[in-house]
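Here is a short report on one protein chain. Look at the sequence and the structure first, then read on.

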Amino acid sequence: MTLLRPRLRRIPLNAAAVLTVLVCLFPVYWMISTAFKPSRDIQTADPKLFPHTWTLDHFRTAVQADGFELFWRNSVLVTLSAILLALLVAIGSAYAVARMRWKGRRQFMLMVFIAQMAPWESLIIPIYIISRDTDMLDRLPTLTLVYFMVTLPFSIVVLRGFIATIPPELEEAAQVDGCTRTGAFRRVALPLLAPGLMATSLFGFITAWNEFAYANFLIIKHQDSRTLPVWLSSFQNTFGTDWGATMAASTLFALPALVVFLLLQRHVTSGFAAGAVKG
């Protein structure tokens, strides 16, 4: 009986966890299933939970739509550029905060935390005005800089905590053997930062890949500079919204984030946990 009591107590928690997972996954399932349904089965008074007839016509429509390859390339270019730039700057900043003692270090981290807590939407109008006055509207480098700015504070916080968990004696031993401080970090500490780099890369990828508001406000005239989220919002035909093609395009749009997560998921948990150990 004593062994059964803890198990019985966990039943409500397990049931709540299962219910939460189902609620979160159902919209994803409905998106995918709608992408495979014929058009006649999508907008019907009697919707079916499982498709009775499967079709790939919506995926063909999405892939053959004007601008699909162009906007896919734009999203990949902007996302990867923002992630690489954020990682380069964050590694240097996190190392300086975690390893060095300099005046204003605490104030610097306070500003990083404030920047991380600030809602992104509150910066749309100032960024739009700055981009307009500097003739940077309708340009992909502007989006890259915005996504870099959004992901940088989080990257610094995570990598700073992760670097703090690496014993400094490892780098000191490398310096005794003849390495410079930069060489010791590159050869000793940087390989140990892999989980933290994976975690910050995943966060940056999902943030930049799915972002819609800035891409919609900063790309106005030059439609060839749009990204996939903005393109998806205008996926219509002469009769209104083509929901089948929209769901198919959304499914294709979600695949890269899913693939990246599956590739990096082993390192994500350890990276987030290690980044929160030391301050």
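Does Glu172 count as buried, partly exposed or exposed? At 45% relative accessibility, Glu172 counts as partly exposed. Keep in mind that this is a predicted model.

## Glu172 and its helix

Glu172 has its place in helix α8. That helix covers residues 168-176. Phe185 comes 13 residues away from Glu172 along the chain. The C-alpha atoms of Glu172 and Phe185 are separated by 9.6 Å.

Glu171 is in helix α8 too. Glu171 counts as buried, at 3% relative accessibility. Glu172, in contrast, is partly exposed at 45%.

## The chain as a whole

The chain has 279 residues, and 40% of them count as buried. Its secondary structure comes to 13 helices and two strands. The accessible surface adds up to about 16,800 Å². Carbon and sulfur atoms hold 67% of that surface.

How do contacts spread along the sequence? Take the contacts with a separation of 6 or more. Residues 24 or more positions apart account for 73% of them.

## Salt bridges

How many salt bridges does a search of the whole structure find? The count is four. One of them joins Arg99 and Glu171, with the closest N and O atoms 2.9 Å apart. This pair links distant parts of the chain, 72 residues apart. Arg99 sits in helix α4 (residues 68-99), and Glu171 sits in helix α8. Both partners are buried: Arg99 has a relative accessible area of 15%, and Glu171 is at 3%.

Asp133 forms a salt bridge with Arg132. Here the closest N and O atoms are 3.2 Å apart. Asp133 counts as exposed, at 56% relative accessibility. Arg132 is partly exposed, at 45%. Arg139 and Asp135 also meet through their side chains in a salt bridge, at 3.6 Å from N to O. Arg139 is partly exposed, with a relative accessible area of 39%. Asp135 counts as exposed, at 53%.

## The nonpolar cores

Which residues touch the most other members of the largest nonpolar core? They are Leu193 and Trp231, in a core of 42 residues. Helix α4 gives the most to this core, with eleven residues. Another core lies apart from it, with 16 residues. Its members include Ala82, Ile127, Leu143 and Leu218.

Now look at Leu193 itself. Set aside residues up to four places away in sequence. Leu193 then touches Phe162, Ile163, Ile166 and Phe185.

## Ser93 in helix α4

Ser93 is found in helix α4. Is Ser93 buried or exposed? Ser93 is buried, with a relative accessible area of 17%. Leave aside its neighbours within four places in sequence, and Ser93 is in contact with Phe108 and Ile156.

## Aromatic rings

The aromatic pairs come to 14. One of them is made by Phe205 and Trp209. Their rings are stacked, 5.5 Å centre to centre, with 10 degrees between the planes. The planes count as stacked because they are under 30 degrees apart.

Where do these two residues lie? Both are in helix α10 (residues 194-210). They are four residues apart, about one turn of the helix. Phe205 counts as buried, at 9% relative accessibility. Trp209 is buried as well, at 2%. Phe205 and Trp209 also belong to one aromatic cluster, together with Phe68, Phe71, Trp72, Trp231 and Phe253. Trp231 appeared above, in the largest nonpolar core.

## A nonpolar patch on the surface

Some nonpolar residues lie on the surface. Leu110, Met111, Phe113, Ile114 and Met117 form a nonpolar patch there. Together they have about 530 Å² of accessible area.

Ile114 is found in helix α5 (residues 105-117). Why can Ile114 be part of a surface patch? Its relative accessible area is 41%, so Ile114 is partly exposed. Patch residues need over 30% relative accessible area.

Notes: Residues numbered from 1 in each chain as written. Predicted model: local features only at pLDDT ≥ 70, side-chain atom pairs only at ≥ 80, totals over all residues. Heavy atoms only, no water. Patch = residues over 30% accessible without salt bridge, like charges linked within 9 Å, V, L, I, M, F, W, Y side chains within 5 Å. Areas by Shrake-Rupley, 256 points an atom, 1.4 Å probe, with all protein chains shown as cover. Buried < 20%, exposed > 50% of the residue type's maximum accessible area, 1.4 Å probe, protein only. Contact = heavy atoms within 4.5 Å. Core = buried A, V, L, I, M, F, W, Y, C linked by side-chain atoms within 4.5 Å. Phe/Tyr/Trp six-rings, centres within 6.5 Å; stacked < 30°, edge-to-face > 60°.
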